[in-house]
Amino acid sequence: MTLFSSVELAPRDPILGLNEAFGADTRADKVNLGVGVYYDANGHVPLLRAVREAEKARVEAALPRGYLPIDGIALYDMAVQKLLFGADSPLLAERRVVTAQSLGGTGALKIGADFLKRLNPSVPVAISTPSWENHRALFEGAGFQVVEYPYYDAATHGVDVEGMLAGMAKLPAGAIVVLHACCHNPTGVDLRTDDWKRVLSVVRERGLVPFLDIAYQGFGDGIDADAEAVRLFAAADVSFLVASSFSKSFSLYGERVGALSIVTASHDEALRVQSQLKRVIRTNYSNPPTHGAAVVSAVLNHDGLRAMWETELGEMRDRIRAMRRGLVERLSKVGDFAFIERQRGMFSYSGLSAAQVDRLREEFGIYAVSTGRICVAALNEGNIDRVAEAIARVV
Ligand code: PMP
């Protein structure tokens, strides 16, 4: 017997396992559509020009690396609020939003979960079927019971709105509902404006606690358009949380730059919430790292760099949409895949079965998640023909 002799091997992360298999594959024309990052037209993770400019200035300034405040860089937090709620949001003028810099979107969800657990430990957390695979584990890890509400409708390649609303209506008062604000991961299928309004009605009627997750702002229809759900909730006089991330929109995956924003009913409430949120952060990791948030803050708070970033973000968004269109066109001979063009963000539920995904990998060296999720942002002019031909062969 040793201290760790009873420790069991944890199950492998399915997507990391896929990446390992891809790495070991010796075929020169292999394609990895299982990834969760944006690749440029040359198949690389881009380093944005706006980021490079801000980094150059930062290196030249040779600043000391003292600790940041517990909730991060104040100018960064304010810039996050403007992106999410709009610069002229009355919530900001009334100082009702508490924002804390976090370790990516994941870190925002985690500190939000810990904060909510202290507030109301017995409520369930509801996530969509399906959802980002870390949602369940993260909220269960924070001690919550996690349940699911219907979301994806395979028959229509759309959202099962009626099922979703009915599922939400069954939740007890105070239940936390995790909602993908845009570019749903893994399906790519989003709610429309009218659907969001109906979701909001159920939230108010049932007294639910919305926790919006926005990891892809700017990847769908644009920075403001993608924040539509956040702004609808903000205008509706409900208290809610928002986990946001710059991993994708700034291509800063490894720097861990995100934020948790909590919308409260008054400035006085905000101050009290902020003090408790800081305790959560203090006992988790004390305070966040400097570099990524300093770079994002420098870009968002500088007119020229901000314009440069918006252009680059627009290029990423347009390229994804062009790849969606290209795939639909190439597949039109074998079926109607128009739904792929209606989906938003990096991911697509392609409708491929697990068996078809297996064939793609074994016969063609094309890797996708067994659920049929493909990363459209991993397609480019150099591989899209092969991918489309292989899909046409297996469907
Ligand atoms: N939420 C969703 C829906 C995501 O897809 C992701 C990233 N894949 C995250 C949160 C976490 O983002 P980050 O990498 O910034 O922690």
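This is a short working chat about the predicted model shown above.

Q: Before we start, what should I know about the numbering and the model?
A: Residues are counted from 1 along each chain, following the sequence as written. The model is predicted, and local features need pLDDT of at least 70, side-chain atom pairs count only at pLDDT 80 or more, while totals for chains, interfaces and linings use all residues.

Q: OK, how is the chain divided into domains?
A: There is domain 1 (14-47 + 306-394) and domain 2 (65-301), with bounds that come from an automatic or database domain assignment. Their centres, taken over C-alpha atoms, are separated by 27 Å.

Q: How many residues does each one put into the contact?
A: Domain 1 gives 23 residues and domain 2 gives 22 residues, where contact means that the C-beta atoms of two residues, placed from the backbone, lie within 7 Å. On the side of domain 1 that touches domain 2, α13 (303-331) and β11 (347-349) each supply at least two residues, and the largest share, seven residues, comes from α13. Helices (H or I, at least four residues) and strands (E, at least two) are DSSP runs, numbered from the N terminus.

Q: And what is the chemical make-up of that side of domain 1?
A: It divides into 13 nonpolar, five polar and five charged residues; here Ala, Val, Leu, Ile, Met, Phe, Trp, Tyr, Cys and Pro count as nonpolar, Asp, Glu, Lys and Arg as charged, and the others, Gly among them, as polar.

Q: Switching to the ligand, which residues surround it?
A: The surrounding residues are Gly-36, Gly-104, Gly-105, Thr-106, Trp-132, His-180, Asn-185, Asp-213, Ala-215, Ser-245, Ser-247 and Gly-258, each counted as near if its C-beta atom, placed from the backbone, lies within 6 Å.

Q: Which helix gives the most to that shell, and how does the shell divide?
A: Helix α5 (residues 104-119) gives the most, with three residues, and the shell as a whole has nine polar residues, two nonpolar and one charged.

Q: Where are the cis peptide bonds you mentioned in your notes, at Pro-130 and Pro-186?
A: One joins Thr-129 and Pro-130, with omega about -5°, and Pro-130 lies in the loop between β3 and α6. The other runs from Asn-185 to Pro-186, with omega near 20°, and Pro-186 is in the loop between β7 (176-180) and α8 (193-206).

Q: Since β3 came up, how does it run relative to β4, parallel or antiparallel?
A: Strand β3 (residues 125-129) and strand β4 (residues 146-150) run parallel and are joined by five bridges, given that two strands pair if DSSP finds at least two bridges between them. Between them the chain passes through helix α6 (residues 133-141) in a right-handed β-α-β crossover, that is, clockwise from the first strand over the helix to the second with the strands pointing away from the viewer.
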